[in-house]
Amino acid sequence: QVQLVESGGGFVQAGGSLRLTCAASGISFSAFAMGWYRQDPGKQRELVAVISSGGSTNYVDAVKGRFTISRDNARKTVTLQMNSLKPEDTAVYYCNAKFTRGPVMFEYWGQGTQVTVSS
């Protein structure tokens, strides 16, 4: 059974920091690209940051220089360090695991964790 469990969300004032962690089980973690997405009510879910199985990272422009994604394959965790938070970062943040090889794709989601940034 695959599980992605997020933790670390909460309420913070603008300029503050939060650290989100996603703990994975039931997958060959090191083979999966891991990502963080976010979604505001009424908006589409958007990719925030992704880290490949090889450790390459990519960020949406809005968070570059403020957020850092990292992974620990031994602990099967992926972390999103969020600094200099802004009210527009408020959203539910979801952990994502994706494996693609040729026509085969496996994708899993966590349940989400709320991040609220006050102005």
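## The disulfide

Let's start with a twist: the torsion about the S-S bond of cysteine 22 and cysteine 95 is about -80 degrees, so this disulfide is left-handed. The two cysteines sit in distant parts of the chain, 73 residues apart, with cysteine 22 in strand S3 and cysteine 95 in strand S9. Keep in mind that what you're looking at is a predicted model.

In this model the S to S distance between cysteine 22 and cysteine 95 is 2.1 Å. How many disulfides does the structure hold? Just one. Both ends of the bridge are tucked away, as cysteine 22 and cysteine 95 are each buried.

## The nonpolar core

Now for the inside. The largest nonpolar core is made of 29 residues. If you want to find your way around that core, look for Met34, Trp36, Val78, Leu80, Met82 and Tyr93, the residues with the most contacts inside it.

Which elements give two or more residues to this core? They are strands S3 (18–25), S4 (33–39), S5 (46–51), S7 (67–72), S8 (77–82), S9 (91–101) and S11 (113–118). Strand S9 provides the largest share, with five residues.

## A look at serine 118

Strand S11 is also home to serine 118. Is this serine buried or exposed? Serine 118 has a relative accessible area of 18%, and buried means under 20%, so serine 118 counts as buried.

What does serine 118 touch, once you leave aside its neighbours within four places in sequence? Its contacts are then Phe11, Val12, Gln13, Ala14 and Pro87.

How values were computed:
Residues are numbered from 1 along each chain as its sequence is written. This is a predicted model: local features need pLDDT of at least 70, side-chain atom pairs count only at pLDDT 80 or more; totals for chains, interfaces and linings use all residues. Side-chain values use heavy atoms; hydrogens and water are left out. A nonpolar core is a set of buried Ala, Val, Leu, Ile, Met, Phe, Trp, Tyr and Cys residues joined through side-chain atoms within 4.5 Å. Buried means under 20% relative accessible area, exposed over 50%, partly exposed in between (1.4 Å probe, protein chains only). Helices (H or I, at least four residues) and strands (E, at least two) are DSSP runs, numbered from the N terminus. Contact means heavy atoms within 4.5 Å. A disulfide is a pair of cysteine sulfur atoms within 2.5 Å.
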